[in-house]
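Reader: I am new to this entry and would like a short tour. Could we look at it together?

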Amino acid sequence: MKGFGPDIPIAPKAERPFPAKEIIWGSQQGGQPYFPTPTDAYERRYSTDPVPLQKFGKAVATAQERVWIVDEYLLMPDGGDPVRRIEKILEWLPLSFAASDVRLLTKHHQEITEDDLERFQQHAQEINNYATRRKKECSIEVRTHLTRDCDFIHDRFAIIDDELWHFGATVGGFHSRVSAASRGWRAADHGAIKFFEEIWKAGAGK
């Protein structure tokens with residue numbers, strides 16, 4: 001029964017210095033602060049498993065309040081298995097995950113089934129079961145109305161707590177071609193939170 005399980009600690013909520021602005025280029029080393037060499041770029045381009053950005057994965061894993069992502073191809077790789085992509089995203093969310101509000105706004109792909117999306121709900125339950133005395137239960141919600149009801153968005157974004165990330169390609173650095181992400185922007189200073197909330201609600205109830 002909930003409330004009588006072991007008191008397992010989750011990641012502590014603490015004041016942390018706001019990250020400095022930086023740009024991170026995708027690489028098979030998990031990201032680097034400079035352009036890859038053409039040789040490295042070709043190796044990554046034809047890799048069967050492009051390595052995502054380690055700094056982004058760590059930022060997600062240590063989020064204290066929210067992780068909001070806007071990306072129409074977040075769950076659908078250029079070629080390959082969407083199930084594997086979902087597995088990699090779930091790896092960002094350890095059982096000790098502290099944040100309670102995870103929202104993924106993407107578009108509908110016929111290759112992704114309801115069972116695939118249900119894995120996010122199952123994972124949220126596993127997080128909540130791990131630490132039964134969380135102050136607030138973890139919720140992971142996926143909505144797929146991005147290009148249907150919000151067909152005016154091109155770039156990809158993520159908001160982690162109050163930090164805004166901007167991506168030149170797939171959020172998390174999964175894309176195999178040369179692309180980069182920038183971080184260190186205060187989401188509230190740029191209207192990102194209000195914008196996300198509005199587009200998130202655009203497909204509610206549809």
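Author: Certainly. Helices and strands here are DSSP runs, of at least four residues for a helix and at least two for a strand, numbered from the N terminus. The model is a predicted one.

Reader: How many helices and strands are there in the protein chain?

Author: The protein chain has six helices and seven strands. Their order from the N terminus is β-α-α-β-α-β-α-β-α-β-β-β-α.

Reader: And how compact is the chain?

Author: The protein chain is as compact as a globular protein of its length, because its radius of gyration is 17 Å, close to the 17 Å that the globule rule gives for 206 residues. The C-alpha trace spans about 55 × 40 × 35 Å along its principal axes.

Reader: What share of the residues counts as buried?

Author: Of the 206 residues, 48% count as buried. In soluble globular proteins, nonpolar side chains tend to be buried together.

Reader: Which residues of the largest nonpolar core touch the most other members?

Author: That core has 35 residues, and Phe 56, Ile 69, Leu 75, Phe 97, Phe 120 and Trp 165 touch the most other members. Several elements supply at least two residues each, including helix H2 (54–61) and strand E6 (163–167). The largest share, four residues, comes from H4. Apart from this core lies another, of 14 residues, with Trp 68 and Phe 196 among them.

Reader: Back to Trp 165: what is it in contact with, leaving aside neighbours within four places in sequence?

Author: The contacts of Trp 165 include Ile 24, Phe 56, Phe 157 and Arg 183.

Reader: Changing topic, how many charged side chains are there, positive and negative?

Author: There are 28 positive and 31 negative side chains, and the centres of the two sets lie 4 Å apart.

Methods:
Residues numbered from 1 in each chain as written. Predicted model: local features only at pLDDT ≥ 70, side-chain atom pairs only at ≥ 80, totals over all residues. Heavy atoms only, no water. Core = buried A, V, L, I, M, F, W, Y, C linked by side-chain atoms within 4.5 Å. Buried < 20%, exposed > 50% of the residue type's maximum accessible area, 1.4 Å probe, protein only. Contact = heavy atoms within 4.5 Å. Rg over C-alpha atoms; globule rule 2.2 N^0.38 Å. Lys, Arg positive; Asp, Glu negative; His and termini not counted. Charge placed at Lys NZ, Arg CZ, Asp CG, Glu CD.
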